[in-house]
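Welcome, and thanks for taking a look at this one with me. Below are some numbered notes to read alongside the structure.

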Amino acid sequence: MKTFRHENKYYIHSRDYHVLRQKLKQVLPNDENSINEEGYLIRSLYFDNLFDADLFQKHYGIFRRKKFRIRIYNHSDAVIKLERKSRQGEYILKTSIPITRNEYERIMQQDYDFLKEREDELAQEFYVFLQGEFMRPRVIVDYVREAYKSDISNVRITFDKELSFVTNTMDIFDASAITEEVISYPKMILEVKYDHFLPDHIRQMIQLDAHQRSAISKYVLCRMASIQYHGF
C-alpha cells in the first residue's frame, strides 16, 4: 500500500548545483530514466476543471490538493502514465497507471468511456472528474530532470532544469511544439523526496539549510506564465 512521502523543494543557483551533483555522483546512482549525465526530459500535460480549482487551491494554500496529469519521457510513447498527485501540506502521494497511445488519443478526443471500464481506481476517478467537473487539458510542462536515488527510505534527489511550458499545442506528441522558459539558467529546482526519514549522510551532503525552501508548483508557474503569454 502506498503512503504519503515527504517532498521538499528549493530554488538553487547553478554554482550550488555543480557542487551538489559532484557529491551525489560519488555515492548515489542515477534513476532508471536517465539517458546521460544531464538527465532526461519530462513532459506533462496537466488537467484542471472548468473553474481552475487546482490552480487556485495552490494559490490560496489549501492544505489538501490533487492534480491529474499525463506524463511521457524523452518525447517517447514507450511509457505513457496517467498520474494523480495528492498533497497534504509537505506530504505527497503519487498514483500512476500506464495508458496506451490509443487511450491517450481517445482522452484528447474527449472519448472517455473506456476509463470507466478499466479496473483501475485512478482511471475511474479521472473519468468522474472529466465528466462531472469538465476537467480539460490546461498546459504542457517541460523540464530536464537529473535524478539520484537511494534504497534507504526510498530517497530521490532531483535537479529540475529548464522549466518551460508549451505555447502552441496541448498535444504532448506534437512535433511542432514550441516551448517558453519559465525558470532560466542559472536558477533551477532541487527536490528532496523520501518516505520516513532522510538519512544523515545524505542530509549532511546536500546541506538543506543552506538553500531557499519554497512552495514550488511547476503547474502553477507554467500555467500562470501561459495565461500571461496568451493574454487570458
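Which residues touch the most other members in the largest nonpolar core?

1. Let us begin with that core, keeping in mind that this is a predicted model. The largest nonpolar core has 25 residues, and Phe47, Ile70, Ile107, Leu115, Phe126 and Ile172 touch the most other members. Two or more residues each are given to this core by β2 (40-48), β3 (64-73), β4 (76-88), α3 (101-108), α4 (113-117) and α5. The largest share comes from α5, with six residues. As general background, nonpolar side chains in soluble globular proteins tend to be buried together.

2. Helix α5 deserves a closer look. It runs over residues 121-132, and at 1.5 Å a residue these 12 residues should span 16 Å; the end C-alpha atoms are indeed 16 Å apart, which agrees. Its buried residues are Leu122, Ala123, Phe126, Tyr127, Phe129 and Leu130. These cover an arc of only 165 degrees around the axis, so they sit on the same side of α5. On the other side of the helix you will find Glu121, Val128 and Gly132, which are exposed. Just after α5, phenylalanine 134 takes a positive phi of about 55 degrees.

3. Please also click on phenylalanine 126. Leaving aside neighbours within four places in sequence, phenylalanine 126 is in contact with Phe47, Phe68, Leu82, Ile107, Leu115 and Met135. Phe126 also belongs to an aromatic cluster, together with Phe47, Phe68 and Phe129.

4. Now for the aromatic pairs, which number nine. One of them joins phenylalanine 165 and tyrosine 229 edge-to-face, with 5.8 Å centre to centre and 75 degrees between the planes. Phenylalanine 165 lies in strand β7 (residues 155-166) and tyrosine 229 in helix α7, so this pair ties together parts that are 64 residues apart in sequence. Is each partner buried or partly exposed? Phenylalanine 165 is buried, as its relative accessible area is 2%, while tyrosine 229 is partly exposed at 45%.

5. Helix α7 itself covers residues 218-230. Its 13 residues reach 18 Å from the first C-alpha to the last, close to the 18 Å expected at 1.5 Å a residue. The buried residues of α7 are Lys218, Tyr219, Val220, Cys222, Arg223, Ala225 and Ser226. Glycine 231, just after α7, takes a positive phi of about 80 degrees.

6. Arginine 138 is a good residue to visit next, in strand β6 (residues 136-150). With a relative accessible area of 18%, arginine 138 counts as buried. Not counting residues up to four places away in sequence, arginine 138 touches Tyr46, Phe47, Asp48, Asn49, Leu50, Asp52, Met170, Tyr219 and Arg223. Two of these names, Tyr219 and Arg223, appeared above among the buried residues of α7, and Phe47 was named in the core.

7. Finally, have a look at histidine 13, in strand β1 (residues 5-13). Its relative accessibility is 29%, so histidine 13 counts as partly exposed. What does its side chain reach? The side chain of histidine 13 comes to 3.1 Å from the backbone nitrogen of arginine 15, and it makes a polar contact with the side chain of serine 14 at 3.5 Å. For a sense of scale, histidine 13 and phenylalanine 114 are 101 residues apart in sequence and 45 Å apart in space, C-alpha to C-alpha.

Notes: Residues are numbered from 1 along each chain as its sequence is written. This is a predicted model: local features need pLDDT of at least 70, side-chain atom pairs count only at pLDDT 80 or more; totals for chains, interfaces and linings use all residues. Side-chain values use heavy atoms; hydrogens and water are left out. Helices (H or I, at least four residues) and strands (E, at least two) are DSSP runs, numbered from the N terminus. The expected span of a helix is 1.5 Å times one less than its number of residues. Buried means under 20% relative accessible area, exposed over 50%, partly exposed in between (1.4 Å probe, protein chains only). The arc is that of the directions from the helix axis to the C-beta atoms. A polar contact is a pair of N or O atoms within 3.5 Å; within protein, one must be able to donate a hydrogen and the other to accept it, and residues adjacent in sequence count only if both atoms are side-chain atoms. A nonpolar core is a set of buried Ala, Val, Leu, Ile, Met, Phe, Trp, Tyr and Cys residues joined through side-chain atoms within 4.5 Å. Contact means heavy atoms within 4.5 Å. Rings of Phe, Tyr and Trp (its six-membered ring) pair if their centres lie within 6.5 Å; planes under 30 degrees apart count as stacked, over 60 as edge-to-face and the rest as tilted.
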